[in-house]
Amino acid sequence: MPSLEEELFPSTPGKFKIDRGHTMNRQFHRCFASTSTMFLWALFLVALTASYLSFQSFVDSGSRYFSASWGGIQWEKQVRNSAQIHRSGGMTVLVTGAAGFVGTHVSLALKKRGDGVVGIDNFNNYYDPSLKKARKTLLSNHGIFVIEGDINDAKLLAKLFDTVAFTHVMHLAAQAGVRYAMENPQSYVHSNIAGLVTLLETCKSANPQPSIVWASSSSVYGLNEKVPFSESDQTDQPASLYAATKKAGEELTHTYNHIYGLSITGLRFFTVYGPWGRPDMAYFSFTRNILQGKPITVYRGKNHVDLARDFTYIDDIVKGCLGSLDTSGKSTGSGGKKRGPAPYRIFNLGNTSPVTVPKLVNILEKHLKMKAKKNIVDMPGNGDVPFTHANISSAQKQFGYKPTTDLQTGLKKFVRWYLSYYGYNHGKAVN
Ligand SMILES: O=C(O)[C@H]1O[C@H](OP(=O)(O)OP(=O)(O)OC[C@H]2O[C@@H](n3ccc(=O)[nH]c3=O)[C@H](O)[C@@H]2O)[C@H](O)[C@@H](O)[C@H]1O
């Protein structure tokens, strides 16, 4: 049986040669027969293509209903309930990255004081999604609805703003992690740049426009050597792609503030840690490894100088986020048009007392009552910076930001949470 290709484009010229000696009539019949076969095949192909295309468009248009977990009357009701304000002068906040570490804590704090909160999170697998699901359950138990969706989904964002007139957006959804940026740079562009722009586009068109507070990062200071880091310092030497996307976020938000009158506050978080934290961060993975009896790798800077971070406890960060929301001022635009200048602010949220990584390990050893197996290696050229140290006077002046938890105390609370969540089950994989 000849293949379809052979039928349309005979590859054996001899076939035709054999027929050459036959009468014109036979040639005519053969010619007619092959033309009608070609016609039938062409018809078949057209029908096949058409049905494929219509199936594709059916799948595309229907995918929202098949795969997305949003939309419908029940869904809208859940969103509205979650957004209910229970205090006078309260706000309605859309929290992006709500099932993330900082997102969970900020959402709970807002809800507890009577603000309306709706969360969105894409539950990606950068780290163990079951931890994110557990945080979602925690939020749900406090009446906070978290939608499973991506900030790149403009339709979902528009639908959310159609359903609720959010007064504020607490934008915490991001691809985090300094070193992972070398492995998967595109994920940073997807979340920290494309996702941010999609969110800003939605906010700019919303009526009324919300005020936006969002998570930048201490990493924007990059190779800055002047300490402590102040908001007015140079931030044009990022050491990692992560830092570069956060710096880009600061520029992008400035543009939306300038053109559309969106009120913007960028918060430069300094190595946030605490209960319900991120398993990819050093304090978390060190704890896991120490408990499991596995070695930990401690990076060391140039000339054997210890690396240091201005580790900041989550409760202090939450206070900074709420203070920023409360003082954010209004966006001035409507219908996508600026009506006047709106606030554009950037604040450091740090602890103002850097601690070296070996000291962090000592504190963990003390709380865990176990010794770490340390592998001390020179810091690889993977985007890390040698130290961070925040000057927080600006946030202090603007909304009374004053961190109160030192690393000793904060890690004690973390370890207590870790053991209650994972137990002493050393073999349990937590990613
Ligand atoms: O402030 C920020 O903006 C960033 O803070 C956090 O980044 P970092 O300050 O790099 O925290 P983290 O990874 O805990 O490493 C801490 C220290 O341990 C060292 N470190 C790390 C891993 C390891 O195996 N060994 C080691 O010595 C390492 O060299 C470093 O000196 C967030 O992850 C990031 O998303 C961003 O929010």
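Colleague: What length does helix 5 have, and what span is expected?

Modeller: Helix 5 (residues 101-112) has 12 residues and reaches 17 Å from first C-alpha to last, close to the 16 Å expected at 1.5 Å a residue. The expected span is 1.5 Å times one less than the number of residues. Helices are DSSP runs of H or I with at least four residues, strands are E runs of at least two, and both are numbered from the N terminus. This is a predicted model: local features need pLDDT of at least 70, side-chain atom pairs count only at pLDDT 80 or more, and totals for chains, interfaces and linings use all residues. Residues are numbered from 1 along each chain as its sequence is written, and side-chain values use heavy atoms, without hydrogens and water.

Colleague: How many residues of helix 5 are buried?

Modeller: Buried means under 20% relative accessible area, exposed over 50%, partly exposed in between (1.4 Å probe, protein chains only). In helix 5, 11 of the 12 residues are buried, so the rest of the structure largely encloses it. Among them are Phe101, His105 and Lys111. Glycine 114 follows helix 5, with a positive phi near 105 degrees.

Colleague: How do I read a sheet?

Modeller: Strands of a sheet pair through backbone hydrogen bonds, either parallel or antiparallel. Pairing here requires at least two DSSP bridges between two strands. Seven strands form an open sheet in the order 3-2-1-4-5-6-11, with parallel pairing. Strand 3 (145-148) and strand 11 stand at the edges with a single partner strand each, so one side of each lacks a neighbour in the sheet.

Colleague: Is strand 11 largely enclosed or not, and why?

Modeller: Five of the six residues of strand 11 (residues 344-349) are buried, so the rest of the structure largely encloses it. Strand 11 pairs with strand 6 (residues 264-269) in the parallel sense over six bridges. There, threonine 265 has arginine 345 as its bridge partner.

Colleague: And packed helices?

Modeller: Two packed helices are described by the angle between their axes and the distance between the axes. The axes of helix 7 (residues 154-163) and helix 8 (residues 185-205) come within 10 Å and cross at roughly 35 degrees. Axes are lines fitted to C-alpha atoms, for helices over the stretch in contact; angles run from 0 to 180 degrees between N-to-C directions. Contact means heavy atoms within 4.5 Å.

Colleague: Which residues of helix 7 and helix 8 meet?

Modeller: Ala154, Leu157, Ala158 and Phe161 in helix 7 meet Thr198, Leu199, Thr202 and Cys203 in helix 8.
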